[in-house]
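Reader: I'm new to reading protein models and keep getting lost in the strands. Could you take me closely through one part of the sheet, and then show me how the helices pack?

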Amino acid sequence: MWIIAAIYLIAAVWLAIYSGNSLWLAYRYWVTRRKRPIARPLRTFPVVTVQLPIFNEIHVVERLLNAVVALDYPRDRLQIQVLDDSTDETSALLQTLVAAYRSQGVDIDLIHRERRTGYKAGALAHGLATAKGELIAVFDADFVPPPDWLKQTVAHLVADPSLGFVQTRWGHINASYSILTMAQAMILDAHFGIEHPARQRSGYFMNFNGTAGVWRRACIDQVGSWQADTLTEDLDLSYRAQLAGWRSLYLPNVVAPAEVPPQLEAFKNQQFRWAKGSAQCLRRLAGPIWRSPLPFITRLQGLIHLSMYFTHPLMLVVLILSLPLVWWGWPTRLPLAYLSFASLGPPIIFLASQYVLYARSSGEMAWWRDRKSTRLNSSHMSISYAVFCLKK
């Protein structure tokens with residue numbers, strides 16, 4: 001019985017540390033909220049390569065290409081790479097679209113691989129071999145960047161040579177499609193609304209989210225490029241870059257709309273990749289993080305960040321072990337009441353993110369109106385897909 005109680009106590013305290021860290025990040029957001037990155041409008045335009053890794057995304061690639069081609073950036077300074085690993089009709093559609101854009105003078109290349117060696121990391125690394133840009137932007141297939149997105153992000157990289165990468169906020173095209181998509185949107189809002197700015201402004205490690213960001217090519221090359229030995233190559237590269245001394249920047253006011261997975265199976269697959277990839281990065285980077293000369297709080301935050309998915313098995317352990325402990329009357333003997341304060345962390349960070357991202361200047365909570373608007377966009381998108389499929 002003592003063994004069960006000890007395991008329960010360790011799991012409960014460990015879980016409280018993660019929950020309490022949400023409170024700490026909410027506090028750090030509050031005290032750093034006035035730190036706003038400012039960059040002058042671009043006068044010189046560095047060459048930028050926009051990489052679009054695609055795998056069997058026939059329903060969204062045309063929308064993606066239309067948005068990227070429409071980016072407000074000098075044509076002679078912009079290269080677009082369509083990194084296609086598709087095994088379905090997506091490849092044929094891409095050939096048609098790319099040929100049409102090339103005939104209009106767009107510098108766009110279709111790079112198709114027959115074998116998906118290294119998956120997304122392999123595709124990105126393969127594209128770098130022929131990339132012209134000193135800056136590399138990345139967009140997944142379900143994103144729709146606004147026309148001014150590139151100018152807003154590149155300006156910061158031009159102004160600060162120490163920046164390795166810039167990450168922007170994900171918007172949600174289909175947040176109101178279902179309860180599942182709304183829940184995902186709220187989770188992402190907590191990450192992009194509170195956690196990201198709190199980490200970046202406090203000097204903690206901040207991860208690149210795999211898309212809707214811009215990298216400095218020199219940074220990628222210096223730290224060993226994209227590597228495929230984890231399922232989260234974006235998390236791995238961003239941590240290696242910061243360990244090497246490169247800085248990161250998050251721009252919460254620059255938004256790239258995207259779709260969240262509308263189906264439960266797709267959501268489960270996404271979460272599996274993120275959870276396993278985070279564990280792989282923790283195993284790979286825990287030692288270098290701890291041995292780095294960075295401040296203790298920065299190293300601790302990095303380890304907590306990489307191990308965040310441990311909360312799920314910890315909750316399961318607490319739930320399972322609570323049953324025999326309740327049966328034997330042990331919970332009343334364990335001094336754990338004070339840990340309940342830490343449990344306020346996740347609800348506070350969720351609520352705070354909704355207020356921060358969607359409250360109007362009058363202070364009213366108007367985020368549901370944004371969701372209603374999103375629902376209309378989602379319906380329009382569904383109709384477009386249906387028309388496209390009928391044409392095919």
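Author: Let's start with β2 and β3. In this predicted model, strand β2 covers residues 78–84 and strand β3 covers residues 108–112, and the two pair in the parallel sense over five bridges. If you want one spot to look at, find Ile80: its bridge partner in β3 is Ile108. To get from β2 to β3, the chain passes through helix α3, residues 90–103, and this β-α-β crossover is right-handed.

Now zoom out to the whole sheet. Seven strands make up an open sheet, and if you walk across it you meet them in the order β3-β2-β1-β4-β6-β5-β7, with mixed pairing. β3 and β7 (247–258) are at the edges with a single partner strand each, so one side of each has no neighbour in the sheet. Neighbouring strands here are turned against each other by 20° on average, direction ignored. Back at our starting end, helix α2 (residues 61–69) lies across β1 (48–54), β2 and β3, and runs at about 175° to β1.

On to the helix pairs. Two packed helices are described by the angle between their axes and the distance between the axes. Keep those two numbers in mind as we go.

Take α6 (residues 179–202) and α9 (residues 264–291) to begin with. They pack at an angle of about 25°, and their axes are 11 Å apart. Angles under 35 degrees count as roughly parallel, which is why α6 is called roughly parallel to α9. Their crossing is left-handed. On the α6 side, the contact is made by Leu180, Gln184 and Leu188, while α9 brings Leu264, Phe267, Gln270 and Trp274. Sorted by class, that contact has five nonpolar residues, two polar ones and no charged ones.

α9 has another partner to look at: α8, residues 233–243. Here the angle is about 10° and the axes are 10 Å apart, so α8 and α9 are roughly parallel to each other. From α8 come Leu235, Asp236, Tyr239, Arg240 and Leu243, and they meet Ser278, Cys281, Arg284, Leu285, Pro288 and Ile289 of α9. By class, this contact of α8 with α9 splits into seven nonpolar residues, one polar and three charged.

Last, look at α1 (residues 2–31) and α11 (residues 311–327). Their axes come within 9 Å and cross at roughly 140°, and therefore the two helices are oblique to each other. α1 passes α11 in a left-handed crossing. There's a long list of residues in this one: α1 supplies Ile4, Ala5, Ile7, Tyr8, Ala11, Ala12, Trp14, Leu15 and Tyr18, and α11 supplies Thr311, Leu314, Met315, Val317, Val318, Leu321, Ser322, Pro324 and Leu325. By class, the contact of α1 with α11 has 16 nonpolar residues, two polar ones and no charged ones.

Note on methods: Residues numbered from 1 in each chain as written. Predicted model: local features only at pLDDT ≥ 70, side-chain atom pairs only at ≥ 80, totals over all residues. Heavy atoms only, no water. Pairing = 2+ DSSP bridges. Helix = DSSP H or I, 4+ residues; strand = E, 2+ residues; numbered from the N terminus. Right-handed = clockwise from strand over helix to strand, strands pointing away. Axes fitted to C-alpha atoms, helices over the stretch in contact; angles between N-to-C directions. Parallel < 35°, antiparallel > 145°, perpendicular 65-115°, else oblique. Left-handed = near helix turned anticlockwise from the far one by under 90°. Contact = heavy atoms within 4.5 Å. Nonpolar A, V, L, I, M, F, W, Y, C, P; charged D, E, K, R; others polar.
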